[in-house]
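Reader: I am new to looking at protein models. Could you walk me through this one?

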Amino acid sequence: PKPQNPLISEIKNKNKMVLTLYWSLGSQPSRALKSLLVAGDVPHEEKQINILTGEHKSPEILELNPRG
């Protein structure tokens, strides 16, 4: 079994907030961040965005990031 990182365990126990990662297959930086979250066993939610259809310019996303 994979050894548990004590820092991650402490964060999980103290903090109930969960990160939400908005990512796209076409974005290398977002894929790298997704890989780090998975490798570090960081609890998070994922919302995949299709940049080819302009989903990154939707009102929901522009509210979070005005630059889209």
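Author: Happily; we will go from the overall order of elements to some details. Keep in mind that this is a predicted model.

Reader: How many helices and strands does the protein chain have?

Author: A good start is to list the elements and then read them in order. The protein chain here has three helices and two strands, and along the sequence they follow the pattern α-β-α-β-α.

Reader: In which sense do strands S1 and S2 pair?

Author: For strands, look at how they run beside each other. S1, residues 19-23, and S2, residues 44-48, pair in the parallel sense, with five bridges. To find your place, look for Leu-21, which stands opposite Glu-46 in S2.

Reader: What do S1, helix H2 and S2 make together?

Author: Here we trace the path from strand to helix to strand. S1, H2 (residues 28-39) and S2 form a β-α-β unit, and this unit is right-handed.

Reader: How far does H2 reach from its first C-alpha to its last?

Author: One can compare a helix's span with the expected one. The twelve residues of H2 reach 16 Å, close to the 16 Å expected at 1.5 Å a residue. Just after H2, notice Asp-41, whose phi is positive, about 55°.

Reader: And what share of the residues of the protein chain counts as buried?

Author: For this we use a cut-off: a residue is buried if its relative accessible area is under 20%. By that rule, 13% of the 68 residues count as buried. As for the surface, the protein chain exposes about 5500 Å², and carbon and sulfur atoms supply 60% of that area.

Note on methods. Residues are numbered from 1 along each chain as its sequence is written. This is a predicted model: local features need pLDDT of at least 70, side-chain atom pairs count only at pLDDT 80 or more; totals for chains, interfaces and linings use all residues. Side-chain values use heavy atoms; hydrogens and water are left out. Two strands pair if DSSP finds at least two bridges between them. Helices (H or I, at least four residues) and strands (E, at least two) are DSSP runs, numbered from the N terminus. A crossover is right-handed if, with the strands pointing away from the viewer, the path from the first strand over the helix to the second runs clockwise. The expected span of a helix is 1.5 Å times one less than its number of residues. Buried means under 20% relative accessible area, exposed over 50%, partly exposed in between (1.4 Å probe, protein chains only). Accessible areas come from the Shrake-Rupley method with a 1.4 Å probe; for residues, only the protein chains shown count as cover.
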